[in-house]
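Got your viewer open? Get ready to click through a protein with me, one selection at a time.

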Amino acid sequence: MAKEIICVREFKQYLLAMNCRCRGASTLLTNLLHQRRPMDRYHESWQAQYDDGSCNEIYMNRPPPALIGLPFKEAAWIVYIECQVVLFGIKARLPNCEHREILLNPENNYVIGEDDLCVYLCESPREIADVNALEYTYIRNKVEAMKARRRKTEESSKGSQKKLSEAPMPTSSRSSSLRNEILHSIRNNTKLQKLQRQQQQQQQQQQQNISDQVNAILPEDFAPAVQTQQQQPNDTGSSYQPLSGPPSPTHVTSTALRHSVSSESNRSSNQSHQNQTSPPPRQNFTLSRLPTPRLALLTGSRKLISRLGQMSALEQSELEIESSPVCYLLEKAATRQELTLESTEFLSGHILVCMHHKVSNIFKFIYNLRSPQLKPNELQDIVFLCTSLPSGKTFDSISRFPKVYFMVGDCQHPEDLIKAGVMKAKQVVVMSERECLDRYQRSSDSPAIMTSHLLDLLLKDKPHDASRIVNLVEKSNIRFMHLLQGKDVAEEVDVFYTPAYAAGNVVVDGLLNNVLLSQTYYKPDIVSIIKALCGMPGPLYDKDTAHILMCGTHTRNRNFKNSRHMMLIVMPPAMIDKCYSFLFESLVMDHGVLPLGILRAPDEQMGNELSFVYTNPVSSLVMKRSDKIYVLASPGWNYFSSS
């Protein structure tokens with residue numbers, strides 16, 4: 001009897017969405033599904049760090065006697081410090097639950113029980129054997145020594161803060177003089193700006209007077225030529241732009257021909273221009289459950305899938321409310337006209353999704369980006385650019401999601417990409433589908449590859465925070481992603497070591513097909529763990545998350561054993577130039593947040609032009625200001641607000 005249902009497209013949609021939420025998450029999670037050994041030689045230094053992290057896998061085992069009875073965060077700390085193994089989850093049997101549930105970094109001081117299963121992240125079974133060999137007395141003494149050291153450090157820091165608080169403060173006269181000095185500087189700056197504006201206006205008036213005098217003296221036929229000569233110096237050097245003079249004969253002719261239409265057509269064009277610039281109507285949305293069992297099944301909820309043979313039970317309203325996953329939904333379904341855009345000039349920092357022939361298979365992608373794990377102010381606008389609008393059935397399934405829009409256009413045309421806001425988008429996702437193959441295209445990845453090259457040309461000056469994510473069907477086509485980056489990736493090179501894949505810029509169906517099938521057969525628990533990391537809803541996952549977001553992190557019910565979710569955070573200032581073991585201990589013990597790895601920024605010294613994922617780094621690795629951290633944290637957690 002089958003215990004897991006696997007759909008490659010389902011995984012792909014969740015991975016693409018997770019890449020938008022946590023850059024590089026697809027590479028981190030995909031590498032955990034594959035078994036590989038480290039390379040012997042590296043061409044560039046960044047490959048050594050990436051390879052060290054990419055060889056990590058997921059293992060499950062009974063907790064050794066030394067860990068039983070320890071709080072989870074203390075057990076996670078000692079396992080990493082002693083064995084460089086990340087204990088990031090527990091498979092436990094919860095009250096009123098038929099099956100074991102996977103809890104990622106369980107909170108509320110969860111104590112490891114004898115009947116639990118520990119979920120580890122490490123390179124080989126040899127590290128698991130090292131964990132099982134840990135002695136009870138040694139572990140307890142090590143943990144107590146760590147606690148004593150931290151208490152001593154905390155007391156000393158409080159003493160230094162007290163001394164700083166007793167330092168003499170500036171006197172009132174000194175502070176008032178400083179305030180007066182600042183105000184005087186602001187006034188002077190304001191006067192200077194006003195004087196500059198007056199001088200600019202006088203210069204414009206003088207130029208206009210000279211132009212009028214010349215036009216009055218010279219014959220009418222010469223006026224355009226003189227006006228053109230006056231404009232040329234201003235185009236090259238000065239910021240001043242004089243008022244336009246009489247147009248040239250050719251310009252008049254072309255204008256007359258272009259506008260030789262009826263006044264009714266002019267009114268319609270003006271109305272369409274107004275529609276382009278006006279933003280869509282304001283949307284009201286809230287956390288609520290999906291309205292129908294069909295939509296709930298589309299999320300891949302394991303609780304609903306387990307009841308596929310009991311469809312009559314799904315028709316009961318009480319069961320629907322209890323089982324349906326939670327996400328952000330509109331109070332009222334939007335219409336197709338409300339969600340169809342002609343311009344995105346009012347959007348910034350949105351997600352642009354490029355599709356080629358038709359809008360399909362996007363429900364899970366949008367659902368993951370409307371997850372209850374996110375705060376309302378973290379929801380990004382999503383714009384789908386496609387040559388056609390979604391069908392009625394597809395639109396009905398997504399019409400309740402907030403801040404989702406559609407635009408008709410071809411993603412292989414630069415003008416359509418610019419109109420869709422590609423220059424202001426924070427993430428650009430390029431989809432690829434097997435059924436979208438034209439008769440002139442030899443590969444289903446051709447449109448996605450050509451669009452990615454076009455994006456390389458358009459966005460070559462974009463900051464590194466703006467990411468591009470390309471979905472490919474065949475893994476061999478990754479080598480074409482580097483044609484415009486000066487990289488020659490040979491066919492025999494392992495796709496896992498290409499810069500685009502290491503950065504999380506590529507999600508490949510071919511890397512998921514076979515491995516998902518084999519892992520589901522041999523290690524079904526690992527597939528469930530990957531699903532939880534991807535953000536797929538579990539039986540208790542969404543309910544706990546929604547409760548925390550509604551009640552706040554400080555007033556939540558302590559009976560909830562909430563499973564954390566993966567997020568990407570910036571490097572805290574206190575961790576810069578510190579080793580990774582210091583970061584690990586600080587986040588785990590002080591904040592209850594579990595690090596999984598880091599995302600390293602481009603570095604000329606290391607030879608990486610793109611970012612790369614480093615899973616489970618060595619404890620001695622020194623942290624940089626540009627590094628970002630993959631963590632398992634509670635919804636809405638923030639380092640600076642919790643410090």
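A residue is called buried when its relative accessible area is under 20%, exposed when that area is over 50%, and partly exposed in between. Keep that in mind for the first stop. One more thing before clicking: what you have on screen is a predicted model.

**Stop 1: Ser634**

Select Ser634. You'll find it in the loop between β16 (628-633) and α25. Is Ser634 buried or exposed? Its relative accessible area is 8%, and the cut-off is 20%, so Ser634 counts as buried. Now show what surrounds it. Once you skip the neighbours within four places in sequence, Ser634 is in contact with Glu107, Arg564, His565 and Met567.

**Stop 2: the whole protein**

Zoom out for a moment. The protein has 643 residues, and 47% of them are buried. Switch to a cartoon view and you can follow 25 helices and 16 strands. Here's a fun one about contacts between residues at least 6 apart in sequence: 78% of them join residues at least 24 apart.

**Stop 3: Pro617**

Next, select Pro617, in the loop between β15 (612-615) and β16. Pro617 has a relative accessible area of 0%, so it is buried. Which residues does Pro617 touch, not counting those up to four places away in sequence? Light up Tyr80, Gln84, Tyr580, Gly597 and Ile598. Then add Asp52 to your selection. Pro617 and Asp52 are 565 residues apart in sequence, but their C-alpha atoms are 7.7 Å apart in space.

**Stop 4: two residues with positive phi**

A bit of background first: most residues other than glycine have a negative phi. Now click Asn105, in the loop between β3 (101-104) and β4 (117-122). Asn105 is not a glycine, yet its phi is positive, at about 45°. With 5% relative accessibility, Asn105 counts as buried.

Move on to Lys403, which sits in the loop between α17 (392-398) and β9 (404-408). What is the phi of Lys403 near? The value is near 60°, again positive in a residue other than glycine. Lys403 counts as partly exposed, because its relative accessibility is 21% and the buried class stops under 20%.

**Stop 5: helix α22 and its partners**

Select residues 524-534, which make up helix α22, along with residues 25-33, which make up α2. Their axes come within 11 Å and cross at roughly 175°. That makes α2 roughly antiparallel to α22. Show the side chains where they meet: α2 brings Leu29, Leu32 and Leu33, while α22 brings Ile526, Ile530, Leu533 and Cys534. In this contact there are seven nonpolar residues, no polar ones and no charged ones.

Keep α22 selected and add α21, residues 513-522. Here the axes come within 5 Å and cross at roughly 120°, and α21 and α22 are therefore oblique to each other. On the α21 side, colour Leu516, Gln519, Thr520, Tyr521 and Tyr522; on the α22 side, colour Pro524, Ile526 and Val527. By class, the contact of α21 with α22 has six nonpolar residues, two polar and no charged. Did you spot Ile526? This residue of α22 meets α2 and also takes part in the contact with α21.

**Stop 6: the second largest pocket**

Time to look at empty space. The second largest pocket has a volume of about 870 Å³. To find it, select Arg21, Glu378, Lys426, Leu568 and Ile569, the closest to its centre of the 31 residues in its lining. Three elements that each supply at least two lining residues are α1 (8-21), β13 (565-570) and α25 (639-642). Which element gives the most to this lining? That's β13, with six residues. Colour the lining of this pocket by class and you get 15 nonpolar, eight polar and eight charged residues.

**Stop 7: the second largest cavity**

Last click of the tour. A search of the whole structure turns up five cavities of 30 Å³ or more. The second largest cavity has a volume of about 60 Å³. Of its eleven lining residues, those closest to the centre are Trp46, Pro499, Asn608, Glu609 and Leu610, so to speak your signposts. The lining of this cavity splits into five nonpolar, three polar and three charged residues.

Note on methods. Residues are numbered from 1 along each chain as its sequence is written. This is a predicted model: local features need pLDDT of at least 70, side-chain atom pairs count only at pLDDT 80 or more; totals for chains, interfaces and linings use all residues. Side-chain values use heavy atoms; hydrogens and water are left out. On a 1 Å grid over the protein atoms alone, a cavity is a set of points where a 1.4 Å probe fits but cannot get out, and a pocket is an open set with protein on both sides within 12 Å along at least five of seven lines; lining residues have an atom within 4 Å of a point. Grid points are joined across faces, edges and corners, and a volume is the space filled by probe spheres set on the points. Helices (H or I, at least four residues) and strands (E, at least two) are DSSP runs, numbered from the N terminus. Ala, Val, Leu, Ile, Met, Phe, Trp, Tyr, Cys and Pro count as nonpolar, Asp, Glu, Lys and Arg as charged, and the others, Gly among them, as polar. Buried means under 20% relative accessible area, exposed over 50%, partly exposed in between (1.4 Å probe, protein chains only). Contact means heavy atoms within 4.5 Å. Axes are lines fitted to C-alpha atoms, for helices over the stretch in contact, and angles run from 0 to 180 degrees between N-to-C directions. Angles under 35 degrees count as roughly parallel, over 145 as roughly antiparallel, 65 to 115 as roughly perpendicular and the rest as oblique.
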